[in-house]
Amino acid sequence: METEKVVPEAEELPKTIVRRVVKDKLHNCSPDTDISVHKDALLAFCESARIFIHYLSATANDICKESKRQTINAEDVLKAIEEIDFTEFVDPLRDSLDEFRQKNAGKRAGTSKSKEEKKKQKVEGEASKKSCEVAKERPFVLDTELRL
């Protein structure tokens with residue numbers, strides 16, 4: 001009797017992304033051949049990746065709790081990767097993380113500048129609206145201020 005394990009939809013990995021990653025990696029191994037991935041093989045890749053992610057996150061969670069924190073950070077994940085004996089991935093992942101942080105730092109600086117400009121424009125717009133309202137209420141005061 002064969003029993004099928006039911007995985008909640010929230011825990012499933014997107015099959016199209018898994019297929020794309022698998023095909024890309026297999027293509028890198030043998031670029032001359034076009035490789036297709038059978039449906040059962042794709043399900044096996046999805047399930048093994050899901051289990052790996054759970055194992056890695058549980059290990060990172062344990063490391064986080066040992067540090068008496070409630071939020072898992074990147075260093076916890078890198079330590080967990082070392083702890084589950086995937087040490088050869090730590091340096092490339094650290095490099096990728098540094099590159100990601102540098103790219104985002106530039107984006108954040110750009111977005112914060114644009115946010116500041118938008119706030120400045122908004123404040124200037126509100127100030128001009130208020131001065132128009134004041135001019136409607138007290139035209140004489142505004143007129144004398146302009147002459148000075």
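A salt bridge is taken here as a side-chain nitrogen of Lys or Arg within 4 Å of a carboxyl oxygen of Asp or Glu. By that criterion, the structure, which is a predicted model, holds 5 salt bridges. Side chains of opposite charge can pair when their charged atoms come close. Three of these pairs are described below, followed by a pocket.

One of the salt bridges joins the side chains of D76 and R69, with an N to O distance of 2.7 Å. The two partners sit in contrasting surroundings. D76 has a relative accessibility of 2% and therefore counts as buried, the cut-off for that class being under 20%. R69, at 30% relative accessibility, is classed as partly exposed. This bridge thus brings together a buried acid and a partly exposed base.

A neighbouring entry in the list pairs R94 with E75, whose closest N and O atoms are 3.0 Å apart. Because R94 belongs to helix α4 (residues 90-137) and E75 to helix α3 (residues 74-83), the contact ties together parts that are 19 residues apart in sequence. Both ends of this link are partly exposed: R94 has a relative accessible area of 28%, and E75 has one of 33%.

The pair formed by K103 and E99 is arranged within a single helix. Their closest N and O atoms are 3.5 Å apart. K103 and E99 are 4 residues apart in helix α4, so about one helical turn separates them. K103 reaches 51% relative accessibility and counts as exposed, since that class begins over 50%. E99, with 44%, counts as partly exposed.

Attention now turns from charged pairs to open space in the model. The second largest pocket has a volume of about 310 Å³. Its lining is made up of L13, V18, V21, V22, K25, L26, F45, S48 and A49. Two helices, α1 (15-29) and α2 (39-66), each supply at least two residues of that lining. The largest share comes from α1, which provides 5 residues. In chemical terms, the lining of this pocket divides into 7 nonpolar residues, 1 polar and 1 charged. For anyone setting up calculations on this site, the lining list includes K25 and S48 alongside residues such as L13 and F45.

How values were computed: Residues numbered from 1 in each chain as written. Predicted model: local features only at pLDDT ≥ 70, side-chain atom pairs only at ≥ 80, totals over all residues. Heavy atoms only, no water. 1 Å grid on protein atoms, 1.4 Å probe; cavity = no way out; pocket = protein on both sides within 12 Å on 5 of 7 lines; lining within 4 Å. Points joined across faces, edges and corners; volume = space filled by probe spheres on them. Nonpolar A, V, L, I, M, F, W, Y, C, P; charged D, E, K, R; others polar. Buried < 20%, exposed > 50% of the residue type's maximum accessible area, 1.4 Å probe, protein only.
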